[in-house]
Amino acid sequence: MATEAKRHKVSDDSELGPLQNFLQWCDRVHLVLSSKVCVSKEGTVAEYGMLAKDDIDEGEVLFTIPRSALLHQGTTKISALLEKEGSSLESPSGWVPLLLSLLYEYTSSGSHWKPYLSLWTDFKTLDHPMFWSKEERDRLLRGTGIPEAVDKDLANIQREYKDVVLPFIAKHPDLWNPDTHTLDLYTQLVAFVMAYSFQEPQEEDDDEEDEEDEEQEAPNPPMMVPMADMLNHVSNHNANLEFTPDSLKMVCVRPIRKGEEVFNTYGQMANWQLLHMYGFVEPYQSNSNDTADIPIGNLYEIATQGIQSDLDRQLLEEQWEMACEILQEKAAFVFGKQGCLTDTELHTVLKVISMSGKEFSEFKDNEGWEEDEEDDEKISLAFSNEGLPGLKASWKGLIRETARLTVRSYRDGGEGEKMEDVDVDRALIEDEAALTALSSRQQRALQVRYGQKSILYRLMELTTS
């Protein structure tokens with residue numbers, strides 16, 4: 001489906017003028033575009049994209065972007081101010097300096113990046129779930145994890161704008177105006193950064209192999225990368241962005257035939273992540289990275305069912321508390337199309353809560369257990385689609401009923417799950433006319449829901465003795 005394969009770009013009534021101005025700007029900033037590709041609105045999955053004008057071999061460079069053409073807190077006209085007062089711009093997101101740069105550059109008529117930013121005459125074409133009504137999110141995306149993620153995003157954005165951004169721009173009325181640089185514009189720019197920015201990978205330090213010394217470094221701040229953000233994403237991509245000291249290069253990673261679209265990748269992203277972060281999804285079956293989350297609390301709810309004695313309940317609560325300490329606040333078990341992606345965590349919880357009182361006492365006395373690499377491989381195989389049917393019956397029962405409970409969360413009011421729910425979704429997915437009759441939001445929500453439900457139903461089948 002054309003409308004479901006990428007982020008929304010410019011509005012349908014846009015003219016080619018902005019694109020031509022942008023391409024001329026690319027020449028001025030020495031952005032080198034291969035003669036074998038072109039940016040186009042025709043023949044791409046939706047809106048703008050990049051097409052091959054000739055056959056392209058693996059390893060060929062499609063375009064090169066000098067670092068001076070990147071838009072971030074170090075290249076903006078206000079970079080000196082942002083660096084000088086950087087301590088007042090710290091926030092959990094780490095995005096405030098870039099967002100202040102965008103607030104300034106987007107509304108400045110003399111901005112160096114105006115031809116680039118003019119590709120977005122406004123940001124109303126962005127259709128992340130954060131711009132849907134709360135009622136629409138809760139109705140269409142119930143159970144997917146997106147409504148909760150969006151509620152958290154919006155609360156964080158409002159807090160960041162009120163506590164960090166507004167006081168800063170009030171100190172600099174010559175550069176920003178609260179009447180122009182509003183919370184609404186700030187929120188739109190957050191979505192813009194979510195959908196279009198890139199983050200440079202952390203450099204690996206070969207000299208620091210000791211995990212004790214490898215503190216989790218903060219990721220590099222996001223930056224806007226003109227031209228690279230024109231490419232659309234699929235999991236089975238044919239190009240990849242490479243970072244060098246002087247430039248960024250989009251490199252072909254497998255042969256592309258003349259007339260085919262050039263696709264980048266944003267990483268291994270499930271459909272719920274794509275919709276949440278970028279505003280689009282991949283059609284069902286084409287996203288090999290799709291996943292379904294099973295909240296850890298659902299497993300606890302199933303495990304406590306049927307407990308008769310207070311002694312057994314107390315044992316389970318102690319076991320659960322210890323298991324959660326080992327998990328270090330992970331919120332969900334993640335299942336992909338080939339099995340459990342958090343197999344070690346799931347194995348740990350199942351093993352701990354299945355212990356007898358004596359076994360658990362010994363486990364506590366020994367302060368846990370040590371797993372070697374061979375055990376990790378065995379665990380991975382045991383919780384793959386191939387291995388799940390061979391798990392012990394009690395573990396399969398817990399997994400199956402937890403998956404069943406999770407499926408219920410997609411239903412209004414949390415009613416009991418019924419097979420016809422997924423059958424209705426499947427019928428819509430397979431009926432092109434019925435699918436086309438749905439709104440764009442309904443279509444995208446359906447793809448997310450059905451992909452997740454399919455993984456959960458498959459899990460239930462694999463764990464049914």
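This is a tour of a predicted model, stop by stop, with a selection to make at each one.

**Whole chain**

Start with everything shown as a cartoon. The protein has 17 helices and 13 strands. Colour by burial next: 48% of the 465 residues count as buried. Among contacts between residues at least 6 apart in sequence, 72% join residues at least 24 apart.

**Strand S10 and its partners**

Select residues 261-264, which make up strand S10. Show the side chains. Glu261 and Phe263 point one way, Val262 and Asn264 point the other way, and all are buried. In a regular strand the side chains alternate between the two faces of the sheet.

Add residues 49-52, strand S3. S3 and S10 run antiparallel and are joined by two bridges. Look at leucine 51: its bridge partner in S10 is glutamate 261.

Now add residues 232-233, strand S7. Which sense does the pairing of S7 with S10 have, parallel or antiparallel? S7 and S10 pair in the parallel sense, again over two bridges. To find the register, pick asparagine 232, which stands opposite phenylalanine 263 in S10.

**Asparagine 238**

Keep S10 on screen and select asparagine 238, in the loop between S7 and S8. Is asparagine 238 buried or exposed? Its relative accessible area is 4%, under the 20% cut-off, so asparagine 238 counts as buried.

Show its side chain together with the backbone of S10. A polar atom of the asparagine 238 side chain lies 3.1 Å from the backbone oxygen of glutamate 261. The side chain of asparagine 238 also reaches the backbone nitrogen of phenylalanine 263, at 2.7 Å. Glutamate 261 and phenylalanine 263 have both come up already, as the bridge partner of leucine 51 and as the residue opposite asparagine 232.

Widen the selection to the contacts of asparagine 238. Leaving aside neighbours within four places in sequence, these contacts are Val251, Cys252, Val253, Arg254, Ile256, Glu261, Val262 and Phe263.

**The four-stranded sheet**

Hide S10 and turn to another set of strands. Four strands form an open, antiparallel sheet in the order S1-S4-S9-S8. The edge strands are S1 (32-33) and S8 (239-243), each of which pairs on one side only.

Zoom in on the S1 edge and add S4, residues 61-66. S1 and S4 pair in the antiparallel sense over two bridges. Here leucine 33 stands opposite phenylalanine 63 in S4.

**Helix H3**

Select residues 96-106, helix H3. How many of its 11 residues are buried? The count is 10, so-called mostly covered. The buried residues are Val96, Pro97, Leu98, Leu99, Leu100, Ser101, Leu102, Leu103, Tyr104 and Glu105.

Bring back the surrounding elements. What covers the buried residues of H3 includes helices H2 (79-84), H4 (114-117), H6 (146-171) and H7 (183-196), as well as strand S6 (223-224).

**Aromatic pairs**

Show the rings of Phe, Tyr and Trp. A search of the whole structure finds 17 aromatic pairs.

Select phenylalanine 22 and tyrosine 116. Their ring centres are 6.2 Å apart and their planes meet at 40°, so the pair is tilted. Phenylalanine 22 lies in helix H1 (residues 17-28) and tyrosine 116 in helix H4, so the pair ties together parts that are 94 residues apart in sequence. Both phenylalanine 22 and tyrosine 116 are buried.

Move to tryptophan 120 and phenylalanine 192. The ring centres of this pair are 4.8 Å apart with the planes at 65°, so the pair is edge-to-face. Tryptophan 120 sits in the loop between H4 and helix H5 (134-140) and phenylalanine 192 in helix H7, so parts 72 residues apart in sequence are tied together. Both tryptophan 120 and phenylalanine 192 are buried.

Then select the whole group: Phe22, Trp25, Tyr106, Tyr116, Trp120, Phe123, Phe192 and Tyr196 are linked by ring pairs into a cluster.

**The largest cavity**

The last stop is inside the protein. The count comes to two cavities of 30 Å³ or more, and the largest has a volume of about 50 Å³. Which residues line the largest cavity? Select Ile294, Leu299, Phe333, Phe335, Leu346, Leu398, Ile399, Thr402 and Leu459.

Colour this lining by element. Strand S12 (332-336) and helix H14 (393-408) are the elements that give two or more residues to the lining. H14 gives the most, with three residues.

How values were computed:
Residues numbered from 1 in each chain as written. Predicted model: local features only at pLDDT ≥ 70, side-chain atom pairs only at ≥ 80, totals over all residues. Heavy atoms only, no water. Buried < 20%, exposed > 50% of the residue type's maximum accessible area, 1.4 Å probe, protein only. Pairing = 2+ DSSP bridges. Polar contact = N/O pair within 3.5 Å; in protein donor to acceptor, adjacent residues only side chain to side chain. Contact = heavy atoms within 4.5 Å. Phe/Tyr/Trp six-rings, centres within 6.5 Å; stacked < 30°, edge-to-face > 60°. 1 Å grid on protein atoms, 1.4 Å probe; cavity = no way out; pocket = protein on both sides within 12 Å on 5 of 7 lines; lining within 4 Å. Points joined across faces, edges and corners; volume = space filled by probe spheres on them.
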